[in-house]
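Trainee: Could you take me through this model and show me how each label is earned?
Mentor: Sure, ask away.

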Amino acid sequence: MQFHHHGYVSGDPRVLDAEGAGIDRPDVLPDEVDVLIVGSGPAGMLLAAQMSQFPDVVTRIIERRDGRLVLGQADGIQPRSVETFQAFGFAERIVAEAYNIAYMNFWGPDPENPSHIVRITRTEDYALKISEFPHLIVNQARVLDYFAEAAAKGPGRIAPDYGVEFQGLTVHQDGLYPVEVRVRHTAGEHAGQERTVHARYVVGCDGARSGVREAIGRQHLGGHSAHAWGVMDVLVNTDFPDWRTKCAINSEAGNILHIPREGGYLSRMYIDLGEVADDDDHRVRQTPIEEIIRRANAILHPYSLDVKEVAWHSVYEVGHRVTDKFDDVPAGEDRAPRVFLTGDACHTHSAKAGQGMNVSMQDGFNLGWKLGHVLTGLAPASLLATYSAERQPVAQQLIDFDREWSSLMARKPEEISDPQDLATYYLATAEFPSGFMTQYGASSIIGDAAHQPLAGGFPIGKRFKSVEVVRISDGNAVHLGHHATADGRWRVYAFADAPTAGEESGMQAWADWLGSAGSPLVQHTPDGADVDAVFDVKAIYQQRFDEVDISAVPRVFLPETGPLGLTDWEKVYAAAPSAWTSVDIFDERALSRDGVVVVVRPDQYVAAVLPLTATRELADFFDRCLLTQTAPAESPA
């Protein structure tokens, strides 16, 4: 990480100086806010952490509970989420305390004695085959703690306003704060009091029974399947040999998805409770924990569980629902949205695919930088329409995947023709649950694929898949994408043509243009801001790091930033292997040796691929989605 560029730091460099709304932040919820987040679940807390990087935007997050979540229901953390944690600065710490999934084992009836189960297949987990980030299990409450820390330590100093419940809202058509939100205090000295808060934008992160969704008239489309599952977090003694390995267990008595939890002792079990009668009227949800434990022991036969403690349990009927739209703009109406839905407020499904918290966090990541851009005058309000347009198709893909996975998990032994097919499906579809299959379509912030062959390994619309490079200033091997923190900036990666720094080349000509008056770097960076305040530009040369003369590198790749005007030495890299890495990013990501520019959005998705000569196209791309800053900026929406 980088620090000291604003002066010497003797304390924790992760605690950034308070700025804007973060200075003397009032304890009491203001009457007027720019962004009001309703709900402190995964999407809400990630969104708060992101908005803390925009301290000129007044953001508050309300939560009806009187304090932090103690025990979360979600626990599966896919590699894309860990990648996101890395951008927010806490991946290493949460990996250290989480359970790391190395294998998934599949159990089924013993052909010689079908009343007993045997291990059928042991499969390596998919995560480290497709990413440098692992597949984790950790309590949702801890994930929220880490995001809360990131929000509180960011310049905006955002912290939840606990004990405040959403009551309803009205969107007016005019005024600087057009969303009128009614809230009620549920705890503290103001308990029972109702008041009104006026906001520019409201984000409903308030769960499957979302009051925000109801207030804007959106509908959850879909329903429940006729199958129920009990779920329990338990501390046990057992003779089941795979207790500390993730398992899918199929037996004559039903099915279990078994997931070890963090800490070395706790495990979660999803226990098949069977088909639900049409006239059940949700009575299955009253199944006692004793019956769930009995079912678990029947399924595990000849093994058994001696349950010492139940930390949490519940019963649910599998449901698959997607909201008809993720914002408040009616069909056919041409205006920018004012209210947004994220997470369970706009998509619900089973828990067994480990997707709920993960997809919800990506909702928040997608929306946060867009709100920041619009409210700071970097982008037009029309940018906000891309949130629902991008995230609704992702939610539908999730529902389709989860419906298939849930059906496979619930089969009876006689319905299984190949005992290996569940393991085969698990591995064959790995990129989707890991979070890496999302691909946004062409829009104002996703370019066309005309030049995609120049960077085959960075598909446009998909997340930027990092590779190791060597930092020229010190020879250290680092992951190029890991330098992209969740600070709301665009990343522009310039991959050089063959000539090295200082020689006449396409890279040199591109760098000269980038520093000129007509380039996006000049046009879209606010007056008085650091030169890299909006665009984090990095150069990657084809040579070994010790073959590049850093003094010959164009100055645009060595910007002077911060109040002291210190040179940033960490924007210039070499692709060729060295003593510290054996990979070449040009080979790993099928990059053109004639040079290529890869543009990456603040939420880590590839937005454009262009040749070094396509300067007009690059300028046009940013003109479509950002406002010109060299003239007086448009008033924030």
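Mentor: We'll go from the whole chain down to single residues, and keep in mind that this is a predicted model.

Trainee: What makes the overall size of the protein chain agree with a compact globule?
Mentor: Set the two radii side by side. A compact globule of 637 residues would have a radius of gyration near 26 Å, and the protein chain has 26 Å, so the value agrees. Along its principal axes the C-alpha trace spans about 75 × 60 × 50 Å.

Trainee: And what is the chain built from, in helices and strands?
Mentor: There are 15 helices and 27 strands. Buried residues account for 57% of the 637. As for contacts between residues at least 6 apart in sequence, 73% of them join residues at least 24 apart.

Trainee: What does the surface come to, and how are the charges set out?
Mentor: The accessible surface is about 25,200 Å², with 49% of that belonging to carbon and sulfur atoms. The chain carries 55 positive and 89 negative side chains, and the centres of the two sets lie 3 Å apart.

Trainee: Which residues does UniProt list for the C-terminal dimerisation domain?
Mentor: The UniProt entry, an unreviewed one, lists residues 438-629 as "Phenol hydroxylase-like C-terminal dimerisation". Over that stretch the chain is 15% helix and 19% strand, and the end C-alpha atoms are 32 Å apart.

Trainee: Why is Asp-536 called buried?
Mentor: The cut-off for buried is under 20% relative accessible area. Asp-536 has 0%, so it counts as buried. Asp-536 is in strand 22, residues 535-541. Leaving out residues up to four places away in sequence, Asp-536 touches His-483, Arg-489, Trp-490, Arg-491, Val-492 and Lys-571.

Trainee: What makes Leu-612 buried, given a relative accessible area of 6%?
Mentor: Buried asks for under 20%, not for zero. Leu-612 has 6%, so it is buried. Leu-612 is in the loop between strand 27 (606-610) and helix 15 (615-625). Beyond its neighbours within four places in sequence, its contacts include Phe-495, Trp-510 and Val-597. Ser-505 is 107 residues away from Leu-612 in sequence, yet their C-alpha atoms are 9.8 Å apart.

Trainee: How do you know that helix 1 is mostly covered?
Mentor: Count its buried residues: 10 of the 10 residues in helix 1 (42-51) are buried. Among them are Gly-44, Leu-47, Gln-50 and Met-51.

Trainee: Which residues does Gly-368 contact, beyond its neighbours within four places in sequence?
Mentor: Gly-368 is in contact with Leu-47, Gln-50, Met-51 and Phe-54. Gly-368 itself is in helix 8, residues 356-375. Its relative accessible area is 0%, so Gly-368 is buried. Gly-368 and Gly-44 are 324 residues apart in sequence, with 9.8 Å from C-alpha to C-alpha.

Trainee: Why does Thr-342 count as buried?
Mentor: Thr-342 has 1% relative accessibility, so it counts as buried. Thr-342 is in the loop between strand 17 (339-341) and strand 18 (347-348). Its contacts beyond four places in sequence include Ala-43, Cys-205, Asp-363 and Tyr-387. Thr-342 and Ile-62 are 280 residues apart along the chain, and 15 Å separates their C-alpha atoms.

Trainee: Why is Arg-157 called partly exposed?
Mentor: Partly exposed covers what is neither under 20% nor over 50%. Arg-157 has 22%, so it is partly exposed. Arg-157 is in the loop between helix 5 (140-153) and strand 8 (160-162).

Trainee: And what makes Ala-590 partly exposed?
Mentor: The same range applies. Ala-590 has a relative accessible area of 43%, so it is partly exposed. Ala-590 is in the loop between helix 14 (585-588) and strand 26 (596-600).

Trainee: What is there to note about the backbone at Arg-157 and Ala-590?
Mentor: Start with the general rule: most residues other than glycine have a negative phi, and most peptide bonds are trans. Arg-157 has a positive phi of about 50° and is not a glycine. Phi of Ala-590 is also positive, near 50°.

Trainee: Where is the cis peptide bond?
Mentor: The bond from His-301 to Pro-302 is cis, with omega near 20°. Pro-302 is in the loop between helix 7 (289-300) and strand 16 (305-323).

Note on methods. Residues are numbered from 1 along each chain as its sequence is written. This is a predicted model: local features need pLDDT of at least 70, side-chain atom pairs count only at pLDDT 80 or more; totals for chains, interfaces and linings use all residues. Side-chain values use heavy atoms; hydrogens and water are left out. UniProt positions are given in the numbering used here, feature names are shortened, and annotations may be inferred rather than shown by experiment. Helices (H or I, at least four residues) and strands (E, at least two) are DSSP runs, numbered from the N terminus. The radius of gyration is taken over C-alpha atoms; the globule rule is 2.2 Å times the number of residues to the power 0.38. Buried means under 20% relative accessible area, exposed over 50%, partly exposed in between (1.4 Å probe, protein chains only). Contact means heavy atoms within 4.5 Å. Accessible areas come from the Shrake-Rupley method with a 1.4 Å probe; for residues, only the protein chains shown count as cover. Lys and Arg count as positive and Asp and Glu as negative; His and the chain ends are not counted. The place of a charge is taken as NZ of Lys, CZ of Arg, CG of Asp or CD of Glu.
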